[in-house]
Amino acid sequence: EEQFYPAHDRHCSVGVSSRVMSYLCNMNSKTFFRFVRENVTWLQGYRPVSLHVNYHPEKPQRMVDLYAFYYGQDSRGIFKWNGGEGSKLATECKAIPKNVRPARSVGVVSRLLEARKAEWGGV
């Protein structure tokens, strides 16, 4: 808030510059996947000046799908992602079932089961 007060008399400016831009023109991927993709009007015929992909852990895959959407006219890929992270199809990020016992064939699992206790720093 302070940066918007004008300098006058004894009050000096804070020495920062403001950058104000439309979040729909210079978009980030979170805005695209949460809002633009779900709005038919924005999705058809609207094209941002830039689109920064940095919010999601699966950045490369989303970038490929965004490129295919804007340059290859292939809209299938953009609808497989959640607004946050992971896939809407639940094929890439599956929850581990809680009622299944872990396989003893995995070394660390067998050591934990034999010890009957676990500590964060080791067994």
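**Figure 1. Order of the helices and strands along the chain.** In this predicted model, the elements follow one another in the pattern β-α-α-β-α-α when the chain is read along its sequence. The chain thus contains four helices and two strands. It has 123 residues, of which 21% count as buried. Among contacts between residues at least 6 apart in sequence, 38% join residues at least 24 apart.

**Figure 2. The largest nonpolar core.** Twelve residues make up this core: Leu24, Met27, Phe32, Phe33, Val36, Leu43, Val53, Leu66, Phe69, Tyr70, Ile78 and Trp81. Helices α1 (29-36) and α3 each supply at least two residues of the core. In soluble globular proteins, nonpolar side chains tend to be buried together. One member of the core, Leu66, is in contact with Phe32, Phe33, Leu51, Val53 and Ile78, when its neighbours within four places in sequence are set aside.

**Figure 3. Helix α1 and its surroundings.** The buried residues of α1 are Ser29, Thr31, Phe32, Phe33 and Val36. They pack against β1 (26-28), α2 (40-43), β2 and α3. Within this buried set, Phe32, Phe33 and Val36 also belong to the largest nonpolar core. At the N-terminal end of α1, Asn28 acts as a cap, with a side-chain oxygen 3.2 Å from the backbone nitrogen of Lys30.

**Figure 4. Ser29 in helix α1.** Is Ser29, a residue of helix α1, buried or exposed? Ser29 counts as buried because its relative accessibility is 1%, whereas the cut-off for a buried residue is under 20%. Apart from residues up to four places away in sequence, Ser29 touches Leu51, His52, Val53, Asn54, Tyr55 and His56.

**Figure 5. The largest pocket and its lining.** The volume of the largest pocket is about 250 Å³. Its lining consists of Arg47, Pro48, Val49, Ser50, Leu51, Val53, Met63, Leu66, Tyr67, Tyr70 and Tyr71. Strand β2 (50-52) and helix α3 (59-72) are the elements that give two or more residues to this lining. Helix α3 provides the largest share, five residues. Grouped by class, the lining has nine nonpolar, one polar and one charged residues. Val53, Leu66 and Tyr70, which are among the lining residues, are also members of the largest nonpolar core.

Notes. Residues are numbered from 1 along each chain as its sequence is written. This is a predicted model: local features need pLDDT of at least 70, side-chain atom pairs count only at pLDDT 80 or more; totals for chains, interfaces and linings use all residues. Side-chain values use heavy atoms; hydrogens and water are left out. On a 1 Å grid over the protein atoms alone, a cavity is a set of points where a 1.4 Å probe fits but cannot get out, and a pocket is an open set with protein on both sides within 12 Å along at least five of seven lines; lining residues have an atom within 4 Å of a point. Grid points are joined across faces, edges and corners, and a volume is the space filled by probe spheres set on the points. Ala, Val, Leu, Ile, Met, Phe, Trp, Tyr, Cys and Pro count as nonpolar, Asp, Glu, Lys and Arg as charged, and the others, Gly among them, as polar. A nonpolar core is a set of buried Ala, Val, Leu, Ile, Met, Phe, Trp, Tyr and Cys residues joined through side-chain atoms within 4.5 Å. Buried means under 20% relative accessible area, exposed over 50%, partly exposed in between (1.4 Å probe, protein chains only). Contact means heavy atoms within 4.5 Å. A polar contact is a pair of N or O atoms within 3.5 Å; within protein, one must be able to donate a hydrogen and the other to accept it, and residues adjacent in sequence count only if both atoms are side-chain atoms.
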